[in-house]
Amino acid sequence: MATFWDQVRTLRWDDHRYYHQCRINQTLHLLSAISFLVAYGLLFIDPAAAAWVGWCVGMVTRQSGHIFFEPRGYDAVNQATDEHKEAIKAGFNMRRKAMLIGVWLSLPLLLWANPSLFGLIEPAHGAAGWAHDVGLAWLTLAASGLLLRALQLAVLRGPSWGLAWVTKILTDPLHNIDIYWRSPLALLRGQRYDPIEPAH
């Protein structure tokens with residue numbers, strides 16, 4: 001069990017030092033984390049609404065931080081190229097994220113054009129029904145993406161790494177709040193980047 005939690009800690013540390021150096025990105029992750037906790041609560045009340053919050057607030061703020069604010073060139077802190085970091089990333093690197101986002105954006109259009117999803121579901125009626133079906137489709141996409149990447153990691157690195165990554169992802173909201181709640185204050189002081197110690 002100690003080895004498992006060491007794996008979770010390793011994944012968290014690598015994620016932070018490689019992909020969360022910018023205080024703007026950290027602040028957006030703080031907002032994302034809060035919205036994901038709201039989505040977790042909504043899962044027990046309205047799963048479709050939980051998916052709308054998780055994707056449209058949580059994922060948009062989270063991924064915009066990576067896309068627009070996190071440096072993508074040579075990482076002097078960790079002495080690593082962007083290509084190296086992308087190749088070793090345990091979770092969704094930018095290529096995999098682009099594919100996931102592409103599917104996410106296509107599902108509402110698909111359900112608008114084909115409300116029965118080619119006969120797989122009962123067709124929705126009206127905008128509210130469409131929004132409900134979109135939410136459930138997005139929830140299915142999230143669960144599928146999580147499961148498929150975990151299985152892939154289990155094959156590539158071993159079952160415990162797949163489970164450790166799922167644990168890391170599901171607990172990221174709490175962990176992000178814990179380590180990034182000071183980031184908005186640091187930004188107000190003019191600190192654009194986290195003073196992470198360079199790798200040795």
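## The second largest pocket

Phe92, Arg96, Met99, Leu100, Val103, Leu141, Ser144, Gly145, Leu148, Arg149 and Gln152 form the lining of the second largest pocket. The model in which this pocket is found is a predicted one. The volume of the second largest pocket is about 200 Å³.

Two helices, α5 and α6, each contribute at least two residues to this lining. The greatest contribution is from α6, which provides six residues. Sorted by class, the lining of the second largest pocket holds six nonpolar, three polar and two charged residues.

## The largest pocket

The largest pocket encloses about 990 Å³ of space. Its lining consists of 41 residues, and those closest to the centre of the pocket are Met59, Leu146, Trp165, Ile169 and Asp172.

Two or more lining residues come from each of α1, α2 (23–42), α3, α5 (94–113), α6 and α7. Helix α3 gives the most, with eight residues. In the lining of the largest pocket, 25 residues are nonpolar, eight are polar and eight are charged.

## Packing of α3 against α6

Two of the helices named above also pack against each other. Helix α3 covers residues 47–69 and helix α6 covers residues 126–157; the angle between them is about 65 degrees, and their axes are 7 Å apart. Angles of 65 to 115 degrees count as roughly perpendicular, and α3 and α6 are therefore described as roughly perpendicular to each other. The crossing of α3 past α6 is left-handed.

On the α3 side, the contact is made by Pro47, Ala48, Ala51, Trp52, Trp55 and Cys56. On the α6 side, Ala131, His132, Val134, Gly135, Leu136, Trp138, Leu139, Leu141 and Ala142 take part. Leu141 is thus a residue of the contact with α3 and also a lining residue of the second largest pocket. The residues of the contact between α3 and α6 comprise 13 nonpolar and two polar residues, with no charged ones.

## The largest cavity

Apart from the pockets, the model has two cavities of 30 Å³ or more. The largest cavity holds about 50 Å³ of space. Helices α1 (2–19) and α4 (82–88) are the elements that give two or more residues to the lining of this cavity.

The residues that line the largest cavity are Tyr18, Tyr19, His66, Glu70, Pro71, Arg72, Asp82, Lys85 and Met94. By class, four of these lining residues are nonpolar, one is polar and four are charged.

## The second largest cavity

The volume of the second largest cavity is about 40 Å³. Its lining is made up of Arg12, Asp15, His16, His20, Lys168, Asp172, His175, Asn176, Ile179 and Tyr180. Asp172, listed here as a lining residue of the second largest cavity, is also among the residues closest to the centre of the largest pocket.

At least two residues of this lining come from α1 and at least two from α7 (159–180). Helix α7 has the largest share, six residues. The lining of the second largest cavity contains two nonpolar, four polar and four charged residues.

Methods: Residues numbered from 1 in each chain as written. Predicted model: local features only at pLDDT ≥ 70, side-chain atom pairs only at ≥ 80, totals over all residues. Heavy atoms only, no water. 1 Å grid on protein atoms, 1.4 Å probe; cavity = no way out; pocket = protein on both sides within 12 Å on 5 of 7 lines; lining within 4 Å. Points joined across faces, edges and corners; volume = space filled by probe spheres on them. Helix = DSSP H or I, 4+ residues; strand = E, 2+ residues; numbered from the N terminus. Nonpolar A, V, L, I, M, F, W, Y, C, P; charged D, E, K, R; others polar. Axes fitted to C-alpha atoms, helices over the stretch in contact; angles between N-to-C directions. Parallel < 35°, antiparallel > 145°, perpendicular 65-115°, else oblique. Left-handed = near helix turned anticlockwise from the far one by under 90°. Contact = heavy atoms within 4.5 Å.
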